[in-house]
Amino acid sequence: MDALLLSRLQFAFTIGFHILFPTLTIGLGLFLVVLEGLWLKRRDPGIYRMLRFWTRVFALAFGVGVVSGLVLSYQLGTNWGRFTAVTGNVLGPLISYEVVTAFFLEAGFLGIMLFGWNRVPPKIHYLSTILVAVGTLISTFWILSANSWMHTPAGFAMDGERMVVTDWMAVVFNPSFPYRLAHMVVATLVATAFLVAGVGAWCVLRDRHRDFGRRSLSFALGMAAVAAPLQVLVGDLHGLNTLEHQPAKVAAMEGHWNAHDGPAPFILFALPDQAAGRNRAEIAIPYAGSLILTHSLSGAVPTLAAVAPQDRPPVAVVFWAFRLMVGLGLWFVVLAGIGLYARRRYALTQWRWYLRLLAGTAPLGFVAVLAGWVVTEAGRQPWLVYGHLRTADGVSLVPAESVAVTFGLFILAYGVLLAAFLAFFLRMVARGPGDADDPPHFQNKAKAAVVEEG
């Protein structure tokens, strides 16, 4: 392997690992805001214990996310120095804004959120939880803005070999940014909802921490019932935006090599052959391609024939990652719908086959996020900045052996980090919410009532 391929694999590995943890903290942050609001309103000890449990999970994911994300900026300076030199004037400030606004907000109030119970008034604690959740959203805003700019660059001009900003608003709010941001935020909600539901289903199946499991299941499926169908709508809007700005990526997602005489089919299964420029073993649904992509039975769809061979993305990777993402998205909608039906039949904790499906689905939301990330990033190839800077022109002039050594070290270090996270998380699930964490404000209120009665 050459330095370019190794650098791409190394960055894909590290950012693919890192993205799992912000996904969990963004979704859990919003989940905790709802839970704590309900606890303050109802003073229900069961909700309080569920809140404390998932707060500990949030802290664990936040810590691993920070550690795993530190190396990304170093890789930009070592393996992707030429890319950084060309785009630094544009992307550098966006990343700095993320650190200044979001990270300090999260770090400043995370301590109160984790250790402020019994030390600050309930409303101050709730405000801290809200600000931590807002911090995760602000972080997402800046990171997605920078990433979207690489897909739909705007608001810049070339000054020699460097890009300089001419319009910051156009840079930040580039054409694909709103759709990509919405798609990512809803994805965090879906992934978190099915993780929480899976843990709840496991507890009910094993008859361990049953009240905690039942409550987690109920809250999470309520969240999934909103987020999963919403993701289908947001995904469709994002697809239409991609069709307008990155037609080559859409052609790879759909596996369309050549123009069709009539309406385009939706290719359900195929083995894309990049060298031959066609699909093998293709199974397609007539008209469905035009209907999905253009919302018309006669709409024309983009094809890879319009793209020079050297400018085409790796079609097989994009094609199958897209189908994995969409297939899982539809599976989540089906599970959420069954959950609604089961709730109406008062059978949410009775249908053991459904609980087993939920327990098995717990990690699949994160698989869907990774599949979507592959579609997005592999579909942008061979460009780092779409239409302006090729990936091959952004890599540093470093020996392949050096990249291979650091790549191996990252695999080892991240493997240990993942094993540690899973060990702690599974141990927390096995122990459940525990009885030691009594609701302090609830107790205070109860004691006050006893004193008044006395």
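Which helix does proline 229 lie in? Proline 229 belongs to helix α7, which covers residues 210-245. Let's begin our walk through this predicted model there. Proline 229 is partly exposed, because its relative accessible area is 38%, a value between the 20% and 50% cut-offs. In space, the C-alpha atom of proline 229 is 8.6 Å from that of alanine 336, although 107 residues separate the two in sequence. If you set aside the neighbours within four places in sequence, proline 229 is in contact with Ala224 and Val333.

From here, let's turn to the interior. Nonpolar side chains tend to be buried together in soluble globular proteins. In this model, the largest nonpolar core has 68 residues, and the members that touch the most others are Trp54 and Phe425. Helix α6 (residues 177-205) provides the largest share of this core, with 14 residues. Another core, of 18 residues, lies apart from it and includes Val86, Val90, Trp142 and Met150.

Phe425 is a good residue to click on next. Beyond its neighbours within four places in sequence, phenylalanine 425 is in contact with Trp54, Val57, Leu60, Leu195 and Val199. Phe425 is also one of the buried residues of helix α13, a list that includes Val403, Phe407, Phe410, Tyr414 and Phe421. These buried residues of α13 pack against α1, α2 and α6. An α-helix has 3.6 residues a turn, so residues three or four places apart point the same way. That is a handy thought to keep while looking along α13.

How does the span of α13 agree with what its 32 residues should give? At 1.5 Å a residue, α13 should span 46 Å, and its end C-alpha atoms are indeed 46 Å apart, so the two values agree. After α13 comes glycine 432, which has a positive phi near 70°.

Helix α2, one of the packing partners of α13, can be checked in the same spirit. It runs over residues 45-78, a total of 34 residues, and reaches 51 Å from its first C-alpha to its last, close to the expected 50 Å. At the N-terminal end of α2, aspartate 44 acts as a cap: one of its side-chain oxygens lies 2.8 Å from the backbone nitrogen of glycine 46.

Now for some empty space. Rolling a probe the size of a water molecule over the atoms shows where such space is left. The second largest pocket has a volume of about 530 Å³. Its lining is made up of 20 residues, and those closest to its centre are Leu195, Ala362, Pro363, Leu422 and Phe425. Here you meet Phe425 again, which is also in contact with Leu195. Which helix gives the most to the lining of the second largest pocket? Helix α13 does, with seven residues. The helices that each supply at least two residues of this lining are α1 (3-42), α6, α12 (364-380) and α13 (400-431).

Helix α12 also holds arginine 380. Is arginine 380 buried or exposed? Arginine 380 counts as buried because its relative accessibility is 5%, and the cut-off is 20%. Its side chain makes a polar contact of 2.9 Å with the side chain of glutamate 377. Leaving out neighbours within four places in sequence, arginine 380 is in contact with Asn147, Met150, His151, Gln246, Lys249 and Tyr386. Met150 is among the members of the 18-residue core that you met earlier.

Continue along the chain and you reach a cis peptide bond between glutamine 381 and proline 382, with omega at about 10°. Proline 382 sits in the loop between α12 and β5 (383-385). Most residues other than glycine have a negative phi, and most peptide bonds are trans.

Two loop residues are worth a look for their phi values. Tyrosine 287, in the loop between β4 (278-285) and α9 (288-294), has a positive phi near 70°. Histidine 295, in the loop between α9 and α10 (315-344), has a positive phi of about 60° although it is not a glycine. Tyrosine 287 counts as partly exposed because its relative accessibility is 46%, and histidine 295 counts as partly exposed at 47%.

Our last stop is serine 139, in helix α4 (residues 122-151). Serine 139 counts as buried, because its relative accessibility is 14%. Apart from neighbours within four places in sequence, serine 139 is in contact with Glu98 and Ala102.

Methods: Residues are numbered from 1 along each chain as its sequence is written. This is a predicted model: local features need pLDDT of at least 70, side-chain atom pairs count only at pLDDT 80 or more; totals for chains, interfaces and linings use all residues. Side-chain values use heavy atoms; hydrogens and water are left out. Helices (H or I, at least four residues) and strands (E, at least two) are DSSP runs, numbered from the N terminus. Buried means under 20% relative accessible area, exposed over 50%, partly exposed in between (1.4 Å probe, protein chains only). Contact means heavy atoms within 4.5 Å. The expected span of a helix is 1.5 Å times one less than its number of residues. A polar contact is a pair of N or O atoms within 3.5 Å; within protein, one must be able to donate a hydrogen and the other to accept it, and residues adjacent in sequence count only if both atoms are side-chain atoms. A nonpolar core is a set of buried Ala, Val, Leu, Ile, Met, Phe, Trp, Tyr and Cys residues joined through side-chain atoms within 4.5 Å. On a 1 Å grid over the protein atoms alone, a cavity is a set of points where a 1.4 Å probe fits but cannot get out, and a pocket is an open set with protein on both sides within 12 Å along at least five of seven lines; lining residues have an atom within 4 Å of a point. Grid points are joined across faces, edges and corners, and a volume is the space filled by probe spheres set on the points.
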